[in-house]
Amino acid sequence: MISRILVLLYLFVVHCFTCGCSAVGLAANPSATLLVNASAGRLMPNTLFGIFFEEINHAGAGGLWGELVNNRGFEAGGPNTPSNIDPWSIIGDESSLVVSTDRSSCFERNKIALRMEVLCDNTGSNICPAGGVGIYNPGFWGMNIEEGKTYKVALYVRSLGSINISVSLKSSNGLQTLATANIIASASDVVNWTKAEVSLEAQGTNQNSRLQLTANQKGVIWFDQVSAMPLETYKGHGFRKELVEMLADIKPRFIRFPGGCFVEGEWLRNAFRWKETIGPWEERPGHFGDVWKYWTDDGLGHFELLQLAEDLGALPIWVFNNGISHNDEVDTSSILPFVQEALDGIEFARGDSGSKWGSVRAAMGHPEPFDLRYVAVGNEDCGKKNYRGNYLKFYDAIKRVYPDIKIISNCDGSSRSLDHPADYYDFHVYTSANNLFSMAHQFDRTSRNGPKAFVSEYAVTGRDAGTGSLLAALAEAAFLIGLEKNSDVVEMASYAPLFVHVNDRRWNPDAIVFNSAQQYGTPSYWVQRFFMDSSGATLLNATLQTNSSALIASAIIWQNSVDNENYLKIKIVNFGSSAVSLRISVDGLGLNSIQQSGSTMTVLTSANPMDENSFKEPKKVVPIQSRFDNAGKEMNVALSPLSLTSFDLLTESNNIRITGTDSFSISSI
């Protein structure tokens, strides 16, 4: 806490030095008054802020999903043989082994297997080199192996003779051995495909490791479905712990998945199909995501994403393909098989364990239904020729079987009424910082009748954003304040994209940046922390009196679930380059109802609006919290230029009268 206070003091001193700050200088700063009426308020939706997960930037494969092996089933090279086994590589030369692929796998949906013919031996004229010959997998730009942790390796093996296979975790050059074990079996034990498992406890740490399979005796060995997973994952469900913890820290009320364009595909043949992603992992065929240009083994499938929502205490929002990709469309007259696939997917999530697809879910370890209440028919397909016709087929069929499920249309209803039934309409925006700041008022004049808005993708992009700038984050914060004020018509919102592996930046910026061993939040991620208490909170009337167009503010009452205390949270974005002297006046609370002790001030700012976080400086731009001793019904505060400031004021009680939309103002200025 002391260090954070010192940083705030440093920012204040630097500002005073550069801007000629003094008693006279403070008076010369632009001034504003914020009037907060705490006598009445409007409840905001419990689902207001959540997250959107898409398999983009290796967000899942090599990221959120704990699998360390890349192309574990050797299927990424396609169904024909011989095929490319990348990123697998060979240990040895042509005189010691020959590696190829064939279609001998025991799994019907993924027939490719790796055939390794060892030409050298441990005796005779052609002696295998020390350490043997074989194959290795570097994972997704290196495996992070940590001393003392255990990793489970599972694989399928077949051979014409006895085997002695060394399974090792090694450094990227193969010189450092972190863990090793042997799979030893007689010929009769492995004449047919056999599953073998070993547990490896790391004796060292290396963030750029690889998995090796080696042998030193002559013979032919087949491998398939090679997996390596850390034993320690989030709630034991296979997710990378530190990444999910970052999601849990922003308390998302929903998770939209699995896309995005990932759902559509450039072509339907490469679209995400949920039935191909369930059941035992080794039986999943995987697929090439042709929009974001990489292969996924689909270990992170329909079941796992539903499980992730449950683990986070968030409601799942499933986006399914509606027979439309970026380049081809199913005619409405032929759409019924796709409709049935969607119905089956809902039954998988919600059906009882005795139903056809509910029984499959139960067999995967989850006999109780998932709490699926929302589905989205496609992604960004409204302008496509067959969308409306297809949409109506899905809508009617789903409502007939599941009348309680809320259905989300791709068509924007914010400026004009939809021409088809829907519970929600999807709204996406990627634009410059200035534009998004001004869009804080986007929904001020939207009709309060009809479907509600789901702002499922928003972000500042382009030069303003860099790879995650303060400027972008402040514009996004202003936009979210606008959504709070319009939360009678906007019921859900989520930033996009959520994750990026630093070695596969398909899209900039993103909320969370990671590699195999590290992760950090961009300023846009930290903005989410300011809004994590808004869902289900009470929105108050907050009116700014100012000549500046660079300020926007909101006020809410929220209850801390840890200590059950009530707080008045006031958030202000100063999007201007000058400090602002702000007077805050709170009306409608009882005498001495705001406690001087227990209140805090949190500020997100930096010396340069284009400042970003990085692996070298992961906390260059993060919120700085300090004790706020000036808490009261009348307060004078200084807002730093280009900043987001939040005051959490501890209050005695919450006796606010809840009003309807008609008596509630949505304007902040």
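User: Which are the buried residues of α13?

Analyst: In this predicted model, the buried residues of α13 are P523, S524, Y525, W526, V527, Q528 and F530.

User: What makes helix α13 count as largely enclosed?

Analyst: Helix α13 covers residues 523-530, and seven of these eight residues are buried, so the helix is largely enclosed by the rest of the structure. For each residue the test is a relative accessible area under 20%.

User: How do you know that C120 and C128 form a disulfide?

Analyst: The sulfur atoms of C120 and C128 are 2.0 Å apart, and a pair of cysteine sulfur atoms counts as a disulfide within 2.5 Å, so the pair meets the cut-off. The angle about the S-S bond is 95 degrees, and the link is right-handed. Both cysteines, C120 and C128, are buried.

User: Why is the pair of C382 and C411 called a disulfide, and what does the pair tie together?

Analyst: The sulfur atoms of C382 and C411 lie 2.1 Å apart, and because the cut-off is 2.5 Å, this pair is a disulfide too. Its link is also right-handed, with 100 degrees about the S-S bond. C382 sits in the loop between β18 (374-377) and α10 (387-401), while C411 sits in the loop between β19 (406-409) and β20 (424-431), so the disulfide ties together parts that are 29 residues apart in sequence. C411 has a relative accessible area of 3% and is therefore buried.

User: How many disulfides does the rule give, and which pattern do they follow?

Analyst: The count comes to two disulfides, and with bonded cysteines counted along the chain their pattern is 1-2, 3-4.

User: Why is C261 not bonded to C382?

Analyst: The closest cysteine sulfur to that of C261 belongs to C382, but the distance is 15 Å, which is too far for a bond. C261 has a relative accessibility of 14%, so the residue counts as buried.

User: Why is C106 called partly exposed?

Analyst: Partly exposed describes values between the 20% limit for buried and the 50% limit for exposed, and C106, with a relative accessible area of 37%, therefore belongs to that class.

User: What makes strand β21 mostly covered, and which strands pair with β21?

Analyst: Strand β21 spans residues 452-460, and eight of its nine residues are buried. On one side of the account is β20, which pairs with β21 in the parallel sense over seven bridges, one of them between T431 and V460 of β21. Strand β22 (residues 490-493) also runs parallel to β21, joined by three bridges, and here A453 has V490 in β22 as its bridge partner. Because two strands pair if there are at least two bridges between them, both cases qualify.

User: Which helices lie in the crossovers that involve β21, and what is their handedness?

Analyst: Helix α12 (residues 470-485) carries the chain from β21 to β22, and this β-α-β crossover is right-handed. The unit made by β20, helix α11 (residues 433-438) and β21 is right-handed as well.

User: How many helices and strands does the protein chain have, and why is the chain called as compact as a globular protein of its length?

Analyst: The protein chain has 13 helices and 34 strands. Its radius of gyration is 28 Å, close to the 26 Å that the globule rule gives for 669 residues, so the chain is as compact as a globular protein of that length. Buried residues make up 60% of the 669 residues.

User: How do you know that H501 is buried, and which residues does H501 touch?

Analyst: The relative accessible area of H501 is 0%, which is under the 20% limit, so H501 is buried. H501 lies in strand β23 (residues 499-501). Leaving aside residues up to four places away in sequence, H501 touches N57, H58, G62, F140, W141, F514, N515 and S516.

User: Why does N574 count as buried, and where is N574 placed?

Analyst: N574 is in strand β28 (residues 566-574), and its relative accessibility is 1%, so N574 counts as buried. Among the residues that N574 touches, not counting those up to four places away in sequence, are A550, L551, L639 and P641.

Note on methods
Residues numbered from 1 in each chain as written. Predicted model: local features only at pLDDT ≥ 70, side-chain atom pairs only at ≥ 80, totals over all residues. Heavy atoms only, no water. Buried < 20%, exposed > 50% of the residue type's maximum accessible area, 1.4 Å probe, protein only. Helix = DSSP H or I, 4+ residues; strand = E, 2+ residues; numbered from the N terminus. Right-handed = clockwise from strand over helix to strand, strands pointing away. Rg over C-alpha atoms; globule rule 2.2 N^0.38 Å. Contact = heavy atoms within 4.5 Å.
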